[in-house]
Amino acid sequence: MIKTISYETIHEGHSLCVMGAVHGNEKCGTIAINKIIQELENGDIKLKKGSLHLMPIANPKAYQENVRFIERNLNRHLYKKVIKKDYEDYLDPIICDFIDKGDFLLDLHSYASQTDTKEEAFIFISGNDKKEIDYAQNIGVKNFIYGWQQAFNNAENNEGNEKDNRESQGTTEYARLQNITAVTLECGQHLSLTAPHKAYEAIVKSLIYFDMLDESSSVYAQFSYENLIQNNIHSQNENNVLCIHMQNVFYKENEGDKLSKPWKHFEAVAKNQILAYRYDGLEIKAKENGYILLPKLNADNGGEWFYFGIQDSFESIQ
Ligand SMILES: [Zn+2]
């Protein structure tokens, strides 16, 4: 059973969809969405136009078991399937129909916990849509990663077979195919205490950005003022913004594959630096100066291991 709640106003405006727990062990979005529902119910927050569609838990069974997914990563191969095999295959049509309701999608996630990683929220964008970049820059985050889908499609799978183009198709990629503007916000580490706040802030700032939040709402003044200041800082100091173009996805292929060190997310690496070793000693090197993204110190065999990206700027992708 999946719960969705829609709030429709009588005034025309944007239609925003917000999802949490597409991965069952990522609870920050659920906490934030439930807080928004509570505040809409008790009148602390009022919508003035448009409609807001909320799905606090996209993968209920995985959420209950506190795991990423049950049988299939819901954020890969996301489309309605004729033949359903895995548990998540049965969720696809519900998720797709939900996303179809919006003209914008905010998908709230968190990432694997590494105790020594500096907490940083970041946003995945496609990088080729001006509307999307503008939205992403207005929800309180200063780190951006784009090129996810291309990096995936360039990767060879373990058997060297031609890759299924739809592997990289998750919520936002599905949405973009329907001409819906979509971003994935990674709010921090799974167990971060600040991640639910980041998720909540992003929802409120989205409502302000789309002019959907009534000025009488208690949070309106706080966040619209914050946005003004942040935008001001952004325009004064573009260096504050880290914009990474994802280049490669690396898969762990063998139990003996080892990272060359316990990398941190967003850790800078130099050209030719050794990133990891295959079980047979083969070195995986950085092909240019760049950044390690989302390293999984305990990746499963055959699973996504880490990503590599280079710094870019918004000017070059608009
Ligand atoms: Zn996730």
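A residue is taken as buried when its relative accessible area is under 20%. By that criterion tryptophan 148, with a relative accessible area of 12%, is buried in this predicted model. Buried residues make up 54% of the 318 residues in the protein.

The fold comprises nine helices and 14 strands. Among contacts with a separation of 6 or more, 69% join residues 24 or more positions apart. The accessible surface comes to about 14,700 Å². Carbon and sulfur atoms account for 48% of that surface.

The zinc site was examined next. Its protein donors are His23 (ND1), Glu26 (OE), Glu26 (OE) and His109 (ND1). Glu26 thus appears twice in the donor list. The donors lie 2.0 to 2.5 Å from the zinc ion. Angles among the four donor atoms run from 57 to 146°. Four donors count as tetrahedral if all angles lie between 85 and 135 degrees. The site of the zinc ion is irregular. For reference, the ideal angle for four tetrahedral donors is 109.5 degrees. In sequence, the donor residues follow the spacing H-x2-E-x82-H. Glutamate 26 and histidine 109 link distant parts of the chain, 83 residues apart. Glutamate 26 sits in the loop between strand 2 (15-19) and helix 1 (28-42). Histidine 109 belongs to strand 4 (residues 104-111). Both glutamate 26 and histidine 109 are buried.

Cysteine pairing was then considered. A search of the whole structure finds zero disulfides. Cysteine 28 is in no disulfide, and the nearest cysteine sulfur, that of cysteine 187, is 3.9 Å away. A disulfide requires the two sulfur atoms to be within 2.5 Å. The sulfur of cysteine 187 is therefore too far from that of cysteine 28 for a bond. Both residues are nevertheless buried: cysteine 28 has 4% relative accessibility, and cysteine 187 has 3%.

Aromatic contacts form the last topic. The count comes to 13 aromatic pairs. One of them joins tryptophan 148 and tyrosine 307 in a tilted arrangement. The ring centres of tryptophan 148 and tyrosine 307 are 5.6 Å apart, with 45° between the planes. Tryptophan 148 lies in helix 5 (residues 148-154), whereas tyrosine 307 lies in strand 14 (residues 304-312), so the pair ties together parts that are 159 residues apart in sequence. Tyrosine 307 counts as buried at 2% relative accessibility, and tryptophan 148 is buried as well.

Another pair is formed by tyrosine 200 and phenylalanine 223. Its geometry is edge-to-face, at 6.3 Å centre to centre and 65° between the planes. This pair also links distant parts of the chain, 23 residues apart. Tyrosine 200 is located in helix 7 (residues 195-209), and phenylalanine 223 in helix 8 (residues 220-236). Both rings belong to buried residues: relative accessibility is 7% for tyrosine 200 and 6% for phenylalanine 223.

Tryptophan 148 and tyrosine 307 recur in a wider grouping. Tyr111, Phe122, Phe124, Trp148, Phe266 and Tyr307 form one aromatic cluster.

Technical notes
Residues numbered from 1 in each chain as written. Predicted model: local features only at pLDDT ≥ 70, side-chain atom pairs only at ≥ 80, totals over all residues. Heavy atoms only, no water. Donors = N, O, S within 2.8 Å, 3.2 Å for Na, K, Ca; no water. Tetrahedral: all angles 85-135°; square planar, octahedral: opposite > 155°, others 65-115°. Helix = DSSP H or I, 4+ residues; strand = E, 2+ residues; numbered from the N terminus. Buried < 20%, exposed > 50% of the residue type's maximum accessible area, 1.4 Å probe, protein only. Contact = heavy atoms within 4.5 Å. Areas by Shrake-Rupley, 256 points an atom, 1.4 Å probe, with all protein chains shown as cover. Phe/Tyr/Trp six-rings, centres within 6.5 Å; stacked < 30°, edge-to-face > 60°.
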